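Dear colleague,

I am handing over the structure below, and I would be grateful if you could look at it alongside the notes that come after it.

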Amino acid sequence: MVWPPVLPRIPLDDPGLRTRHLLALPAGIGADEVEVLAISRFPSARWERLPGSEPDRTAGRGRSSAPVEPGVLRVSRLSTLTGPYAVDQAEAVSLGLPAQTAVVYDAACPRERGAKPYPGGDRDGLKRAFPDAMPIREEERVLLWLVAAARRLGGAVRTGEHGVVLHPDVDGTIDLTLYSSRWLEPDEALAVVQRAVPRARLAMDGTPWAGPATDAGRRALAGIMGTGLPERGGSGLSAALAQHGVQDERERERLVAEALAYDAAMLADPPPREGFGAIVDLGVDGLVALEVGAEEILPPLLRDLPWTRAGAVAYRVRWEPSDVDELELERPSFAHKVARGRAIPPMQAIVRELHAAVGGEIADAAEFLVAPEDL
């Protein structure tokens, strides 16, 4: 084993290098961190050749100044990630990468393209990078992971062909989800959330249904309700009820009584709650929403764990800004970024309190796991 390791230089003379997608990362990011993020999206990812291996070791005493071999991480049957390669500032700039780039991974995957990008948001910048035909299938999966990994690690992605460089905002996606085996009732969850943000409230208010309108259905006259508006269900509703409805008055009364008895039984012994929510009003900064419910489709790293085999409870904490369209912009406005920055502390505080109460694992919007102490 070479120590200290000397990373191989990026092969700028490789004619295919600029046709492939590159993941550029700053200094201090180890290959093990890249591996974890790959497994988080591609459960079968594995090293075919470990980074740091020596192709022809001749030095004694376990020390050498010769460059070591780059690793080959197979993320799927058709795609690999080779690296890390070392780059200096001049090499990074020649590729259009940020000047602070220290290491680069070379992504090899099939070229699969579909239709032109549709109008709308472009948070990841892929529509800008591929204006003629969007990546699909395997290439799309790999590119979305590269962008998510760059966002998590503070890096960038150079796309093949046109060489467009994507600089995903580290705080571009701030939503968090806590997966746990424990269920909190609404009042319990609210008490936990209020330890972080006292002004939080349950989002379960609403006007109970009082039954159909008194001037609808059979009681509507000539298709016009008493309010002067068209009859609910269409102008033919009264005629349909007259032709196909229950004509016997006693039978109708029996059915109504049966329905009322069923409603009363459900009110007296309601079924278990399957989900609820809570919100924190941030004023001009939007709102933070907590959504609680059962979840069967879990991030790959959490599947098949003893406590997740039957699913888990998901506590989703998400931010909704005043202008939701800006969530899908690659470069949102300064005001959006300021509001987002003010929303992050209460969101993280809520997740920390929930984790302390119910345990489990925290995942970000890309389904990469997050340690509680990093919040």
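The notes below cover the nonpolar cores and one pair of helices.

This is a predicted model, in which local features need pLDDT of at least 70 and side-chain atom pairs count only at pLDDT 80 or more, while totals for chains, interfaces and linings use all residues. Residues are numbered from 1 along each chain as its sequence is written, and side-chain values use heavy atoms, with hydrogens and water left out.

The largest nonpolar core (buried Ala, Val, Leu, Ile, Met, Phe, Trp, Tyr and Cys residues joined through side-chain atoms within 4.5 Å, where buried means under 20% relative accessible area with a 1.4 Å probe, protein chains only) has 34 residues, and those touching the most other members include Leu 81, Tyr 105 and Trp 145. Two or more residues each come from strand E1 (21-25), helix H1 (31-41), strand E5 (103-108), helix H3 (126-129) and helix H4 (137-153), these being DSSP runs (H or I, at least four residues, for helices; E, at least two, for strands) numbered from the N terminus. H4 gives the largest share, nine residues. Another core, of 33 residues, lies apart from it and has Phe 276 and Val 370 among its members.

The axes (lines fitted to C-alpha atoms, for helices over the stretch in contact, with angles from 0 to 180 degrees between N-to-C directions) of helix H5 (residues 186-196) and helix H8 (residues 334-358) come within 8 Å and cross at roughly 130 degrees. H5 and H8 are therefore oblique to each other, that is, neither under 35 degrees, nor over 145, nor from 65 to 115. Their contact (heavy atoms within 4.5 Å) involves residues including Val 192 and Arg 195 of H5 and Ile 350 and Glu 353 of H8.

With best wishes

Definitions and conventions: Buried means under 20% relative accessible area, exposed over 50%, partly exposed in between (1.4 Å probe, protein chains only).
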